[in-house]
Amino acid sequence: LSNNLVGKVVELLRRFNERTTSLVLGAGAIHSAARLKSINAKHLSLVTQCLGLVIAILPHIRAALMAQLPSRQHTLLLDLDKVKKEYADHNGKVLGKFVNIIGGIVEHILAPKIQDADYDKRGKSLSADYKQCCTFLEGLFTNIRKMHQVLHPLLPPEHFQDVFSKIFAYVDSKFPVHFQTVTSGDSSMLTSFSRPKTEEGKKRMLLEITITIERLNGLDGVRQWDFMTTSTLARTLGLSPEKEDETDDKVGDTEDDL
């Protein structure tokens, strides 16, 4: 009986894991009786809650089964250890989907809007209202903040911080790539963005990125990320460390307003 019980428990747990994988990561829920229009961040967060619950109780299930098995049959419990790893792998993939969602928004919706940012022109208003960022940066922060509002009450702190650290790492790696790609003169890029040529325009560009970074790090519950974007783009724009410091001082003046 104990042998059959272990097998049935493993079978049940794997069935649940396979079904949730099919419905969510495989988008099966869109074609199921639920008739969801899409799989969004809230659905993903509820799945990771369920997976986390099972992962949390698996050691107790294992202990209960071990108590009923003779010592020579404890090897049967190795299947439960494999199931735990399968759940952890599944959970990791679900958490990775949050980064993919932000990545898709950046790549397909926001990146083309970089071309609308005339930083030489915007640089002229630096002393007037320099807290307003370009459409690309405002859109980036808005979408990450929306993700934050959905996930903050649903994910445990360690998963929440892990997700946003990965999102911030993605942003940190993609900022320079996007800004440098559109200024590279690549004929395959259908964009009219041009690198700022004036001192004011260059400082404005770095300032808006710095403001966006401070806003991201200011979100409740996230782990502070040491963004390298500003220094990378400063080198690209040919700004000296002194000029970067001037930009940082201007941002510090409005810290309470961000």
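A residue counts as buried when its relative accessible area is under 20%. In this predicted model, buried residues make up 39% of the 258 residues in the protein. As for secondary structure, the protein has ten helices and zero strands, so there is no need to look for a sheet, given that strands would have to show up as runs of at least two residues. Read from the N terminus on, the elements simply go α-α-α-α-α-α-α-α-α-α. The chain also meets itself across long stretches of sequence: of the contacts with a separation of 6 or more, 76% are between residues 24 or more positions apart.

How do the helices pack against each other? Two packed helices are described by the angle between their axes and the distance between the axes. Take helix α2 (residues 41–68) and helix α3 (residues 78–110) to begin with: their axes are 10 Å apart, and the angle between them is about 165 degrees. Angles over 145 degrees count as roughly antiparallel, which makes α2 roughly antiparallel to α3. The crossing of α2 past α3 is left-handed. Sorted by class, the residues of this contact come out as 18 nonpolar, four polar and four charged.

Helix α2 has another partner, helix α6 (residues 135–151), and here the axes are again listed as 10 Å apart, with a packing angle of about 40 degrees. This time α2 passes its partner α6 in a right-handed crossing. On the α2 side, Ala41, Lys42 and Ser45 take part, and they meet Met147, Val150 and Leu151 of α6. By class, the residues in this contact are four nonpolar, one polar and one charged.

Further along the chain, α8 pairs up with helix α9 (residues 229–237), their axes coming within 10 Å and crossing at roughly 170 degrees. α8 and α9 are therefore roughly antiparallel to each other. From α8, the contact draws on Lys202, Met205, Leu206, Ile209, Thr210 and Ile213, while α9 supplies Thr229, Thr230, Leu233, Ala234 and Leu237. Seven of the residues in this contact of α8 with α9 are nonpolar, three are polar and one is charged.

Helix α8 (residues 199–217) is also home to Arg204. Is Arg204 buried or exposed? Arg204 has a relative accessible area of 1%, and because that is under the 20% cut-off, Arg204 counts as buried. What does the side chain of Arg204 reach? At 2.4 Å there is the backbone oxygen of Gln132. The Arg204 side chain also makes a polar contact with the side chain of Glu208, at 2.5 Å. Arg204 and Asp120 are 84 residues apart in sequence, yet their C-alpha atoms are 7.9 Å apart in space.

Asp116 gives a contrasting picture. This residue sits in the loop between α3 and α4 (119–123). With a relative accessible area of 58%, Asp116 is exposed, because the cut-off for that label is over 50%. Asp116 and Cys134 are 18 residues apart in sequence, and the distance between them, C-alpha to C-alpha, is 8.0 Å. Put side by side, then, Arg204 is buried, whereas Asp116 is exposed.

Key. Residues numbered from 1 in each chain as written. Predicted model: local features only at pLDDT ≥ 70, side-chain atom pairs only at ≥ 80, totals over all residues. Heavy atoms only, no water. Helix = DSSP H or I, 4+ residues; strand = E, 2+ residues; numbered from the N terminus. Buried < 20%, exposed > 50% of the residue type's maximum accessible area, 1.4 Å probe, protein only. Polar contact = N/O pair within 3.5 Å; in protein donor to acceptor, adjacent residues only side chain to side chain. Axes fitted to C-alpha atoms, helices over the stretch in contact; angles between N-to-C directions. Parallel < 35°, antiparallel > 145°, perpendicular 65-115°, else oblique. Left-handed = near helix turned anticlockwise from the far one by under 90°. Nonpolar A, V, L, I, M, F, W, Y, C, P; charged D, E, K, R; others polar. Contact = heavy atoms within 4.5 Å.
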